Amino acid sequence: MQPRNMSMSGVVDLAAVKAANEAKAKAEQARAEAARQGGTGAVPPSSLVIDVDEAGFERDVLQRSTEVPVVIDFWAEWCEPCKQLSPVLERLAREYNGRFVLAKIDVDANQMLMQQFGIQGIPAVFAVVAGQALPLFQGAAPEAQIRGTLDQLIQVGEERFGLTGIAVDPDAQEGAPAQAAVPAGPYDALLEAAVRALDADDFAGAAQAYRNVLADDPGNTEAKLGLAQAELLGRVRAMDQAKVRKDAAERPEDVEAQIAAADLDLVGGHVEDAFGRLVETVRRTSGDEREAARVRLLKLFEVIGGDDPRVTAARSALARVLF
């Protein structure tokens, strides 16, 4: 099987699933407690490459991905290309020294995970960042390509989600908890100011308050959700809703008209209509127009939240039309 490059652009939709968000909060509390007690929280090098099964997937992948990107290697004993790729990934996991964790999943023993990820052939490599899965590449890719993909993944994890990785200590005891930097804060005053601005229909002011939080703490879930909502409400308030509906109905090929109508759909509570409209727009467009529709859809995902089943269904639909 020839390797197939996968776009990293989809990682912008890294609104975490509910379980991952809860895990992140718990992890932050654990790190803060470790810091207060003077502990380093470093992990041994052996913790950088782990075998994962269905029972441990939420703990070992979803929860861990709220602190560090998790790269998943889907493999099987009978797969010859897997025997070429897996040792490279394991070596790079140790070389990158905590910037990502490698989770190895035997597809023969974990058929449900294979189906959930839509694996058509192995080796297949995915990543999970802040609870969100995205494809990286398929097949036994060259090492230079793998390094480039990993560098891009780590950069996105840091810039968009504040995932700074985990500390590695060769002398650390097995089972030691991972530790990243304790997030700055608190942000109660800024978040309360944002809520007050929303209540006063000052959507620009609310958006700025949320941006102020995210400038210091890019992984703040409440601020990311609030910013997406404030921006949506600000866009809709400026619309001539009747004209937007008319334009969308009369010009189905007009991407901007469909994007505007999707905003109205969402604000009106027609979530599946909004998602379906933009998925269809992505399907029938290309280039900059396709990218504009895709990005707006990802923004609307953030408004609803990654744990909503309508978001999960729309993500799968989007993946089908993209790949």
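Let us begin in a loop: Asn97 sits between helix 3 (80-95) and strand 4 (101-106). The model you are looking at is a predicted one, and Asn97 is a good place to start exploring it. The phi angle of Asn97 is near 55°, which is a positive value in a residue other than glycine. Most residues other than glycine have a negative phi. As for its surroundings, Asn97 is partly exposed, with a relative accessible area of 43%.

A second residue invites the same kind of look. Asp201 is not a glycine, yet its phi is positive, at about 60°. You will find Asp201 in the loop that links helix 6 (188-199) and helix 7 (203-216). Its relative accessible area is 45%, so Asp201 counts as partly exposed.

One more backbone feature deserves a stop. Between Ile122 and Pro123 the peptide bond is cis, with omega near 0°. Most peptide bonds are trans. Pro123 belongs to the loop between helix 4 (111-116) and strand 5 (124-129).

Now step back and take in the whole chain. It contains 13 helices and 6 strands. The chain has 323 residues, and 49% of them count as buried. About 15,400 Å² of the chain is exposed, and carbon and sulfur atoms supply 50% of that area. How do contacts relate to distance along the sequence? Taking contacts between residues at least 6 apart in sequence, 73% join residues that are at least 24 apart.

Some individual residues let you see such links between separate parts of the sequence. Stay for a moment in the loop between helix 4 and strand 5, where Phe117 is also placed. Is Phe117 buried or exposed? At 15% relative accessibility, Phe117 counts as buried, because the cut-off for that word is under 20%. Setting aside neighbours within four places in sequence, Phe117 is in contact with Phe57, Ile72, Phe74, Phe126 and Ala133. For one of these partners, Phe74, we can give a spacing: Phe117 and Phe74 are 43 residues apart in sequence, while their C-alpha atoms are 9.9 Å apart in space.

Another loop, between helix 2 (57-63) and strand 3 (70-75), holds Thr66. With a relative accessibility of 4%, Thr66 counts as buried. The side chain of Thr66 reaches the backbone oxygen of Gln63 at 2.7 Å.

Pro69 is in the loop between helix 2 and strand 3 as well. Pro69 counts as buried, at 1% relative accessibility. Which residues touch it? Leaving aside those within four places in sequence, Pro69 is in contact with Arg99, Phe100, Val101, Val128, Val129, Leu153 and Leu163. Pro69 can also be placed relative to Leu150: the two are 81 residues apart along the chain, and their C-alpha atoms are separated by 9.6 Å.

Next, compare two partly exposed residues. Ala140 is in the loop between strand 6 (132-138) and helix 5 (143-161), and its relative accessible area of 28% makes it partly exposed. From Ala140 to Ser86 the C-alpha distance is 8.8 Å, with their positions 54 residues apart in sequence counted as the separation. Thr221, in turn, lies in helix 8 (residues 221-237). Thr221 is partly exposed too, with a relative accessible area of 33%. The C-alpha atoms of Thr221 and Glu302 are separated by 9.8 Å, and these residues are 81 apart along the chain.

Our last stop is a pair of helices. Helix 11 (residues 271-284) packs with helix 13 (residues 309-322) at an angle of about 10°, and their axes are 9 Å apart. Helix 11 is therefore roughly parallel to helix 13, because angles under 35 degrees fall in that class. Where do the two helices meet? Helix 11 contributes Val271, Glu272, Phe275, Val279, Val282 and Arg283, and these meet Arg310, Val311, Ala314, Ala317, Leu318, Val321 and Leu322 in helix 13. Sorted by class, this contact has 10 nonpolar, no polar and 3 charged residues.

Technical notes: Residues are numbered from 1 along each chain as its sequence is written. This is a predicted model: local features need pLDDT of at least 70, side-chain atom pairs count only at pLDDT 80 or more; totals for chains, interfaces and linings use all residues. Side-chain values use heavy atoms; hydrogens and water are left out. Helices (H or I, at least four residues) and strands (E, at least two) are DSSP runs, numbered from the N terminus. Buried means under 20% relative accessible area, exposed over 50%, partly exposed in between (1.4 Å probe, protein chains only). Contact means heavy atoms within 4.5 Å. Accessible areas come from the Shrake-Rupley method with a 1.4 Å probe; for residues, only the protein chains shown count as cover. Axes are lines fitted to C-alpha atoms, for helices over the stretch in contact, and angles run from 0 to 180 degrees between N-to-C directions. Angles under 35 degrees count as roughly parallel, over 145 as roughly antiparallel, 65 to 115 as roughly perpendicular and the rest as oblique. Ala, Val, Leu, Ile, Met, Phe, Trp, Tyr, Cys and Pro count as nonpolar, Asp, Glu, Lys and Arg as charged, and the others, Gly among them, as polar. A polar contact is a pair of N or O atoms within 3.5 Å; within protein, one must be able to donate a hydrogen and the other to accept it, and residues adjacent in sequence count only if both atoms are side-chain atoms.
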